[in-house]
Amino acid sequence: MRSHTPTAAPATPLRLLALLYGVISYAAFLGVFLYLVGFVVDVAVPRSVDRAIDGPVAQAVPIDLGLLLLFAMQHSVMARPAFKRWWTRLVPAPIERSTYVLVSSAVFVLLFWQWRSIGTIVWQVDSTLARMVVYSVGALGWLIALASTFMIDHFELFGLRQVLHNLLSKPLVQKGFRVVLLYRLVRHPLMLGFVIAFWAAPTMTAGHVLFAAAFTVYIVVAVQFEERDLVAALGEQYRRYQRRVPMLIPRPWR
């Protein structure tokens, strides 16, 4: 008797389009992330948090806050399970995460384009050595943020794994709850990395303070909603993790 080995279903045009869509969304994320680094550090970009559209402070503050609020609303609402359940009635499940990534990238592009700078200096580090230390701390923050995504599943987080499994007709198996590396120190190392990167500036303008402060407030609020969803999904397993590991500030003495 001849044995039959199961083979993957042939790739259909729709699955190939979904893969292409996922790759484009991921490329958009990479471009936005690199620009965000330059935007915050004020290097190698035409506009930054310190050098953007000039205008009266009374006009700049509400516009900047509106841009930040738009990001916060989009980022949080689209991440909620209830929204995802409704959204996947309209958007195929394999590209749901890629769509989230693409929309988030578009909102960031709008922020970069329309940001108003507020040039008043809040603090400035003049020593060359001290400036290098501050830049190094900021670089560490960016590294923590990026590395944290690989400690869970970088390619699933940004939608590539979903479209690839869809192309190959493979079910996307959830890896379950794991506590690895930086996640043993804080529950949200990705967010901690961003907070460090946003505040570690040797020259801090009022516009940069507004940007960093608003994102810090958003992060503190957003993780509360995320943790509520995690407790609902994982129950006592996540509650034990909450009791054992701090949210954002490491406690190495424990």
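User: What makes D50 a buried residue that has no salt bridge?

Analyst: In this predicted model, D50 is buried, and the nearest side chain of opposite charge, R51, is 7.1 Å away. A salt bridge requires a nitrogen of Lys or Arg within 4 Å of a carboxyl oxygen, so the distance of 7.1 Å does not qualify.

User: Where does D50 lie, and which residues does D50 touch?

Analyst: D50 belongs to the loop between α1 (13–41) and α2 (57–77). Leaving aside residues up to four places away in sequence, D50 touches D42, S117, T203, T205 and H208.

User: Why is the pairing of D50 and T205 called a polar contact?

Analyst: The side chains of D50 and T205 are joined at 2.6 Å. The cut-off for such a pair of N or O atoms is 3.5 Å, therefore the value of 2.6 Å qualifies.

User: How do you know that R51 forms a salt bridge with D42?

Analyst: The closest N and O atoms of R51 and D42 are 2.8 Å apart. Because the limit is 4 Å, this pair is a salt bridge.

User: Why are R51 and D42 called partly exposed?

Analyst: R51 has a relative accessible area of 39%, and D42 has 26% relative accessibility. Partly exposed covers the range between the 20% and 50% cut-offs, so both residues are placed there.

User: What makes R80 and D229 a salt bridge, and which parts of the chain does the pair link?

Analyst: The N to O distance is 2.7 Å, and because the cut-off is 4 Å, the pair counts as a salt bridge. The pair links distant parts of the chain, with R80 in the loop between α2 and α3 (81–87) and D229 in helix α9 (residues 206–234), 149 residues apart. Both R80 and D229 are buried, which means that each has under 20% relative accessible area.

User: How do you know that E227 and R187 meet in a salt bridge?

Analyst: Their side chains come to 2.6 Å, N to O, so the 4 Å condition is met. E227 is in helix α9, and R187 is in the loop between α7 (160–167) and α8 (189–199), 40 residues apart. Both E227 and R187 are buried.

User: How many salt bridges does the rule give, and which residues form a network?

Analyst: The count comes to 6 salt bridges. Salt bridges that share partners join E236, R239 and R243 into one network.

User: What is the average pLDDT of the chain, and where is pLDDT below 50?

Analyst: The chain averages a pLDDT of 91, and 94% of the residues score at least 70. Over residues 1–7 the pLDDT is below 50, and this stretch has 0 contacts in the model beyond near neighbours in sequence. Where pLDDT is low, the predicted coordinates should not be read in detail.

Terms used
Residues numbered from 1 in each chain as written. Predicted model: local features only at pLDDT ≥ 70, side-chain atom pairs only at ≥ 80, totals over all residues. Heavy atoms only, no water. Helix = DSSP H or I, 4+ residues; strand = E, 2+ residues; numbered from the N terminus. Buried < 20%, exposed > 50% of the residue type's maximum accessible area, 1.4 Å probe, protein only. Lys, Arg positive; Asp, Glu negative; His and termini not counted. Polar contact = N/O pair within 3.5 Å; in protein donor to acceptor, adjacent residues only side chain to side chain. Contact = heavy atoms within 4.5 Å. pLDDT = per-residue confidence, 0-100.
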